[in-house]
Structure formats: structure tokens, C-alpha cells
Amino acid sequence: MEDAAALLAGGGICGLPTETVYGLAALASDGEAVARIYEVKGRPSFNPLIVHCRDAEQARQVVAFDHCAERLAEAFWPGPLTLVLPKRDDAPVSGLASAGLDTLAVRVPAHPLVRGVIEALGSPVVAPSANRSGRLSPTTADDVLAEFAGAVPVLDGGPCEAGIESTIIGLAGSRPTLLRPGAIPASEIEACLGHPLQAPGGGIEAPGMMTSHYAPDAALRLGAGEKRRGELLLGFGGTEGADLDLSAGGDLREAAANLFGFLRQLDRQGRPIAVAPIPEKGLGVAINDRLRRAAAPRR
Ligand code: TXA
Ligand code: MG
């Protein structure tokens, strides 16, 4: 556990056992380590990740709790329940881990090994399931080794008890919503809250709440060779005249880590944003996917 914590503290990633499935962990505040997670998983897009905390107190440092959150945390943590809540401005979590959203998914896992690592590290870790994109979640350390052909070290905690992922409840909207069925039956959560959960997309929730992603207010022009009048320029690889450069040295991992934070910084200035071309390879595929969505016409 101490070795794993030291590895994570130094910017590395590793497989960790939880009571649900094995996770691929990084220090939540380390944008470049988070970028490596997406790289290793081979995801063609950025999905927000779950922040794993030591206890409810640590979770309150990353998200704002409400009544329902207090009640559910008291009843089910540590355990396979994930809560989506408003992100705190000072949360020590990289913008890439939340995919630029202003909410964060948090949970307090029960498995003693992942708990020991978070304790030794003194900070939360983000961990998606430790599978390559589009494949099944691993439930043994051998699964994880096989998944990444031994390229990612893994802490062996034996087979996972639950074998399916945590239940995800959205608490950032107007009513508690079941965002993902999982290891804790929805009926147990409803019994604890004393009323039924809303189905995602149903009712008065913002449409596409689960899939909605951060989009800037400003118009975005992609593949920009240079800055036009009135525009701000987001560069890559040392673009001349850039207001901000995602990675002056052309490192896609660094660019991914900076993407959401830099977009927000430029967006606050209220001018259209031109974005330099990003190579469509490695993490560039996910960066371009996110940029295309952010640039798509909106109502
Ligand atoms: O049991 C689990 O939850 C495992 C273990 C490793 O903890 N983790 C896991 O992570 O299943 P992952 O990344 O495979 O799935 C997380 C899900 C994704 O579907 C993601 O879209 C959703 O959580 N999610 C994360 N943050 C969110 C947010 N702010 N709003 C809505 N959904 C979110
Ligand atoms: Mg997964």
C-alpha cells in the first residue's frame, strides 16, 4: 500500500482493488497522471471519473453535500455507492478528471487495500474501472495485468466481492436520480431516502444530464492556422501568437491535462476562441473529440 501510494504521489498510475471492480488509479489533483489513465485505457473521449475518498469528511472537501448526501453517506459508506454532487471550487481535483463539468462523482470504497492507499497518500484518487475502452471491468489482479499486457502495476487484493460497479446517484439536479444501477439495489437507496429515485432523463431534469459536458459560451473555431481579429488563440506545440498554449513542447498528455482549465480561462474573457490543430493520434483523438463537441452549434 505504501509503495502504491508513493507511486501515485510521484505521478504514476496503478491498478487498485475495490469491493466492486479493480480501478486504474491516479492522484486526483495530478492532471498529467489523469491524462495517462485515458491514454492507457485507449478511450476515444474523456469521461468524468469517480473520486475515491478516505471518508465523508474528505469527500466534503471536494463536493458540496446536501441533506440526501449526508443521509446516503451515513447509510452506505464505506461501500459501493457513488454520489454526483456540485464540485467545490477549491477541490483538489484536475479539471480533466471531471471532464470540465461542475459536478463530481465521489465515493468512499470499502476494500481495505484501496482505503490504505488513500490513507497513506493523504489525498483522494480518481479511478475508472481498470479495463481498456469498451471491455469488461476486471475483477482480479490478473485481469488487470492481462488487460494492459503487464504495462500497469497492480496491487493484488484478491477477487472483488461485488464484481459489478458501484450504484451512481445524481444529487446535483432537482431530485435524486439513479444514474447507473450497480452493486447496491435502487430499492435500498429509496428506502433510505424515503421516496422513489428519478430515472435518468425522466421528469424535469436538464435534458441529457448524465451526458452533458462542459461547453464554453464562446464560439470555437478549430484547426486555426492563426488568430483573426477579436479572437483569442489556444495554441498547441508552440503556436505563434497563442494566448495560451496547451503544450508548448507538443506533449499530448500535458495538453489533455490543460484542456478544460485553459478553455475556461479563455472563455471568461468573452471573446471567440480559435484553436490550433491538434494531431489526431494518441490522446489527441480524445482532445479533438472534446473540442468538436464544444464547437458544435448550440441552441
Ligand atoms: O465501482 C465503481 O464505481 C468503479 C470502481 C473502480 O470504483 N469505478 C467505475 O468507474 O466504474 P468508471 O469510470 O468505469 O465509471 C464511472 C461512471 C461513468 O459512467 C461516468 O460517466 C460517471 O461515472 N460519472 C463520473 N462523474 C460523473 C458526473 N460528474 N456526472 C455524471 N456521471 C458521472
Ligand atoms: Mg468503466
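## Exercises on a predicted model

Leucine 27 stands opposite valine 125 in strand 6. The model is predicted. The exercises start from this pair and move to the ligand.

**Exercise 1. Determine how strand 2 and strand 6 run relative to each other, parallel or antiparallel, and place them in their sheet.**

Step 1. Start with the pair. Leucine 27 faces valine 125 of strand 6.

Step 2. Count the bridges. Two of them join strand 2 (residues 23–27) to strand 6 (residues 125–126). Two strands pair if there are at least two bridges between them. These strands run antiparallel.

Step 3. Read the sheet order. Eight strands form an open sheet, 1-2-6-3-5-4-7-8. Its pairing is mixed.

Step 4. Find the edges. Strand 1 (14–16) and strand 8 (177–180) each pair on one side only.

**Exercise 2. Describe the sheet that holds strands 9, 10, 11 and 12.**

Step 1. Write the order. The open sheet reads 9-12-10-11, with parallel pairing.

Step 2. Mark the edges. They are strand 9 (220–221) and strand 11 (244–245), and each pairs on one side only.

Step 3. Look at one pairing. Strand 10 (residues 232–235) and strand 12 (residues 273–275) run parallel, joined by three bridges. Leucine 232 has isoleucine 273 of strand 12 as its bridge partner.

**Exercise 3. Work out which residues and strands surround ligand 1, and which side chains make polar contacts with an oxygen atom of the ligand.**

Step 1. Take the shell. Ligand 1 is surrounded by 21 residues. Thr20, His52, Thr103, Ser166 and Arg180 are the closest.

Step 2. Sort by type. The shell holds 11 nonpolar, seven polar and three charged residues.

Step 3. Sort by element. Strand 3 (50–52) and strand 5 (103–107) each give at least two residues. Strand 5 gives the largest share, four residues.

Step 4. Check distances. The cut-off for a polar contact is within 3.5 Å. The table lists three side chains with a polar atom facing a ligand oxygen.

| Side chain | Distance to an oxygen atom of ligand 1 |
|---|---|
| Threonine 20 | 2.6 Å |
| Histidine 52 | 2.7 Å |
| Serine 129 | 3.0 Å |

Step 5. Check burial. Ligand 1 alone exposes 680 Å², and the protein buries 89% of that.

**Exercise 4. Characterise the second largest pocket: its space, its lining and the element with the largest share.**

Step 1. Give the space. The second largest pocket holds about 330 Å³.

Step 2. List the lining. It has 19 residues. Lys87, Val93, Gly95, Gly261 and Arg264 are the closest to the pocket centre.

Step 3. Assign the element. Helix 8 (residues 252–267) supplies the largest share of the lining, six residues.

Step 4. Sort by type. Seven lining residues are nonpolar, seven are polar and five are charged.

**Exercise 5. Locate the cis peptide bond and the positive phi of alanine 99 in the backbone.**

Step 1. Find the cis bond. It joins tryptophan 77 and proline 78, with omega about -10°.

Step 2. Place proline 78. This residue sits in the loop between helix 4 (67–76) and strand 4 (81–86).

Step 3. Turn to phi. Alanine 99 has a phi near 50°. That is a positive value in a residue other than glycine.

Step 4. Place alanine 99. The loop between strand 4 and strand 5 contains this residue.

Notes:
Residues are numbered from 1 along each chain as its sequence is written. Chains are lettered from A and ligands numbered from 1 in the order in which they are written. This is a predicted model: local features need pLDDT of at least 70, side-chain atom pairs count only at pLDDT 80 or more; totals for chains, interfaces and linings use all residues. Side-chain values use heavy atoms; hydrogens and water are left out. A residue is near a molecule or strand if one of its heavy atoms lies within 4 Å of it. A polar contact is a pair of N or O atoms within 3.5 Å; within protein, one must be able to donate a hydrogen and the other to accept it, and residues adjacent in sequence count only if both atoms are side-chain atoms. Accessible areas come from the Shrake-Rupley method with a 1.4 Å probe; for residues, only the protein chains shown count as cover. Ala, Val, Leu, Ile, Met, Phe, Trp, Tyr, Cys and Pro count as nonpolar, Asp, Glu, Lys and Arg as charged, and the others, Gly among them, as polar. On a 1 Å grid over the protein atoms alone, a cavity is a set of points where a 1.4 Å probe fits but cannot get out, and a pocket is an open set with protein on both sides within 12 Å along at least five of seven lines; lining residues have an atom within 4 Å of a point. Grid points are joined across faces, edges and corners, and a volume is the space filled by probe spheres set on the points.
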